[in-house]
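Here are some notes to help you find your way around this structure. Keep the view open as you read, and take the points in order.

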Number of protein chains: 2
Amino acid sequence: MSLDKVLAHVDADQDNALARLIELLKIESISTDPAYAAECNRAADWLVDDLKSIGFEASKRETPGHPMVIAHNDKTDGTHVMFYGHYDVQPVDPLELWDNPPFDARVEDTPNGKVIRGRGSSDDKGQLMTFVEACRAWKAATGSLPTNVSIFFEGEEESGSPSLVPFMKENAAELKSDVALICDTGMVEPNTPSIVTMLRGLVGEQITIKGPSKDLHSGMYGGPSINPIRVLTRALGALHDDTGRVTLDGFYDGVPELPAQIAEQWKNLDFDEARFLGDVGLSKPAGENGRSVLEMLWSRPTAEVNGIWGGYTGEGFKTVLPAQASAKVSFRLVGQQDPVKIRDAFRAHIESFLPEDCSVEFHGHGNSGASSMAIDHPAFEQARGALSDEWENEGVFVGCGGSIPIAGHFQDIIGTQSMLIGFAQDDDSIHSPNEKYDLRSFHKGIRSWVRILAALN
Amino acid sequence: MSLDKVLAHVDADQDNALARLIELLKIESISTDPAYAAECNRAADWLVDDLKSIGFEASKRETPGHPMVIAHNDKTDGTHVMFYGHYDVQPVDPLELWDNPPFDARVEDTPNGKVIRGRGSSDDKGQLMTFVEACRAWKAATGSLPTNVSIFFEGEEESGSPSLVPFMKENAAELKSDVALICDTGMVEPNTPSIVTMLRGLVGEQITIKGPSKDLHSGMYGGPSINPIRVLTRALGALHDDTGRVTLDGFYDGVPELPAQIAEQWKNLDFDEARFLGDVGLSKPAGENGRSVLEMLWSRPTAEVNGIWGGYTGEGFKTVLPAQASAKVSFRLVGQQDPVKIRDAFRAHIESFLPEDCSVEFHGHGNSGASSMAIDHPAFEQARGALSDEWENEGVFVGCGGSIPIAGHFQDIIGTQSMLIGFAQDDDSIHSPNEKYDLRSFHKGIRSWVRILAALN
């Protein structure tokens, strides 16, 4: 049976697959920092070459930002699947917290098994390579793919995807497929393969509050002169009330209560709140009072300050009153929350704290509503079955706290339903120092796609 | 008459005096950053050599931090004055806002006359050199100083003076004098020489609030995980109430109302609130409601956040929940406010905002109460007369918003009364990019000290 042959090939080819991933991880494709543009380009070229080597018609497509990679195979019958991943990665700071250089990925033994350690190993190079390797194994073991496959790699996912929507609109015909497969999510626990059917949206804002025309000495000006940090901390400190609710006007408009049936499913998941929080040094859920951790993560909206800076932040002390202070703030959205209204409510909130002598500059970063998948599409049960065959536990339908706007774009722009299937683990430290991907996720991830490609055929 | 001869020498020697100052300004003596320790040492050596060249017995005195410079002249009769200044300077960031390199000082024409532009030109190298040049002129024109002069230069004033008190205690006998002259203050307006008789104290604190054990991804953890920036902004945003008062428990204990007589003097000063604020882009006093700008600056206490940082602060966006967030906070004190109690009240305030899963680290920077001078000491009227002879307007007794702990130390440790006389202007941009010192301040400052040395004789 060809499925077994392909799975056997995956097992036999593990070391080579790992070597290829490590090569890709050496490319410093940080998309948010313009200094790394050439590296992003290099990652795209590497993927084009690799996809060509296994028989895809692959090409790099220029955009105003970092390039896309598009590939098609030559099979024209069967279900047409479009696989999406992103080759760009997060910045690496604080660099001093990495035990090894972030772009010199290596395999390490850990108490929980072998891992590949390096920036992008989990998010998302390791994940996208699970699919590429599954295709390679089908080709190597049988000479062809079991279904019609296209591939779409983005290089701006970690920087708000500015080119994504225009590109999808311009190339909608080429991107049309029966189902989109997105590999940028995790498993609810290490033995339970998970298909994400609810995704939170994201609104990001950078704000700068300006006061005096220059930095002042607090001895000469302290008292009569407004300090922009005072204004910023007052405004941001008032984003939440004492019960953990976000205070913006109309923030909870369009936030649905979880249907009883889904709430029940989530309660039955093998999810340990104390372990989840304890793994990152916490013990008490910090979201809205009276909600479970999974609700806070998957079905409730948030407001977070992701960065703040102003004044003197170096060694020692400097009694400066700074001319300005800044912050990066983001909101995770659920249900029918309207990103535009949330952004407007935030801006109005900040402006309500501005004294006469201060001004504010806003700069938007990203703007996507939440999305829900139509799980009655037959591909969902086919994929869940394939995943259940590969892993210890049955596959489950879950939510996801992150924002993966591509799922909504496939729906809205292309008219294609998305399935989000990924093999990342909670402790992968994505976006943090010492990011890793379990070798088990990599290996069983490849095998999962091998099975799913057969099941969707 | 020898005073005229000395003043004429000052006028004739202006270019040389300026060249010497520019040489000193090239030394990058930033005391707060350990990377510049050798430069601080070099500044001390330069001063020792210069003082020796005009006949002082001068030496560098090592401390656990940056060295002191002590010099004595050989005259044993007459009033013994001890002059204090500091050769260290503030950091230069943000470097990109400087029009010229901060340590390549140069003379510039401006609409208000010529200035010397560079870090330390006003605070405090330009100021301390006014006194050195006055001594040089006396020696050059008459062969001797009119009174008994010692000099004391510090190299840690901009970094909390950690070695100052131990050094003064160990060398109290050598530092004993009839009156201390401190040149580190400004003029209330460009034509009115000013003797500072009230100084605010300073308490500095650096705080770091810690939450999760590592940086987290807000998609994976946002909601259930506490964000230390949220805690920090709530706590700092609550430091002031809506009327501009500081909210710490007992903060106003020991803050006296201004005596009616002093309030009247300040009202009569040629001080333009609108111009003072307008020069730095502001229009509305930000201190306690119902107080004048001079009260806010000279006789009212403050709380200011001088620096804040946490999370991702680079280009683009990163949806991180940081493991920690920090701030530098300082308080200007007046009257009998107790620095220890203020520090304790601040720490208690922060702790009252800490949720169960957060901890806080405090690190103190500086700790000095306010001080008031005994203006019935005869030197005050002698100096005021000398200043009135040099400048357009009569000399005045004023307050100062800054903290110059040395004045209190001369009083408490040595038993010597201090007079604070300086020639800085409001627009000198001390502690900011493009710091400058008016050539007029430099030249008339030298002439002022020439006159004061004669008057105190």
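Which residues of chain A does the UniProt annotation "domain: Peptidase M20 dimerisation" cover?

1. **The annotated span.** The unreviewed UniProt entry places that annotation on residues 199-357 of chain A. Please bear in mind that you are looking at a predicted model. If you trace the annotated stretch from one end to the other, the end C-alpha atoms of residues 199-357 of chain A are 41 Å apart. Helix makes up 31% of this span and strand 22%.

2. **Two domains in chain A.** A separate domain assignment splits chain A into domain 1 (2-199 + 370-456) and domain 2 (201-255 + 301-368). Each of the two is written as a pair of segments, so to speak, and it helps to colour them before going further. Between the C-alpha centres of domain 1 and domain 2 of chain A there are 35 Å.3. **Where the domains of chain A meet.** Six residues from domain 1 of chain A and seven residues from domain 2 of chain A make up the contact. The buried area between these two domains is about 470 Å², with carbon and sulfur atoms giving 50% of it. On the side of domain 1 of chain A, look for Ala370(A), Ser403(A) and Pro405(A): they supply 76% of the area that this domain buries against domain 2, more than any other three residues.

4. **What kind of contact is it?** How many salt bridges are counted between domain 1 and domain 2 of chain A? The count is zero, and the number of residue pairs in polar contact across this interface (both at pLDDT 80 or more) is zero as well. The residues of domain 1 of chain A that touch domain 2 are three nonpolar and three polar, with no charged ones.

5. **Chain A against chain B.** Now move to the interface between the chains, where 90 residues of chain A are in contact with 90 residues of chain B. Together the two chains bury about 7700 Å², and 53% of that is on carbon and sulfur atoms. Pro224(A), Phe317(A) and Lys318(A) supply 10% of the area that chain A buries against chain B, which is more than any other three residues.

6. **Polar links between the chains.** The interface of chain A and chain B has two salt bridges. One to find on screen joins the side chains of Arg234(A) and Asp242(B), at 2.9 Å from N to O. Between chain A and chain B there are also 43 residue pairs in polar contact (both at pLDDT 80 or more).

7. **Who contributes on chain A?** Which strand of chain A gives the most to the side that touches chain B? That is strand 11 (residues 302-311), with nine residues. Over the side of chain A that touches chain B, the residues divide into 31 nonpolar, 37 polar and 22 charged.

8. **Two cis peptide bonds.** Most peptide bonds are trans, and these two are worth a look. In chain A, Asp123(A) and Asp124(A) are joined by a cis peptide bond with omega of about 10°. Asp124(A) sits in the loop between strand 5 (113-117) and helix 4 (125-142) of chain A. In chain B, the bond from Asp93(B) to Pro94(B) is cis, with omega near -5°. Pro94(B) belongs to the loop between strand 3 (80-86) and strand 4 (106-110) of chain B.

9. **A positive phi.** Most residues other than glycine have a negative phi. His431(A) is not a glycine, yet its phi is positive, at about 70°. You will find His431(A) in the loop between strand 17 (417-422) and strand 18 (436-438) of chain A.

How values were computed. Residues numbered from 1 in each chain as written. Chains lettered and ligands numbered in written order. Heavy atoms only, no water. UniProt positions renumbered as here; feature names shortened; annotations may be inferred. Helix = DSSP H or I, 4+ residues; strand = E, 2+ residues; numbered from the N terminus. Domains from an automatic or database assignment. Contact = heavy atoms within 4.5 Å. Buried area = accessible area lost by both parts, 1.4 Å probe. Salt bridge = Lys/Arg side-chain N within 4 Å of Asp/Glu carboxyl O. Polar contact = N/O pair within 3.5 Å; in protein donor to acceptor, adjacent residues only side chain to side chain. Nonpolar A, V, L, I, M, F, W, Y, C, P; charged D, E, K, R; others polar.
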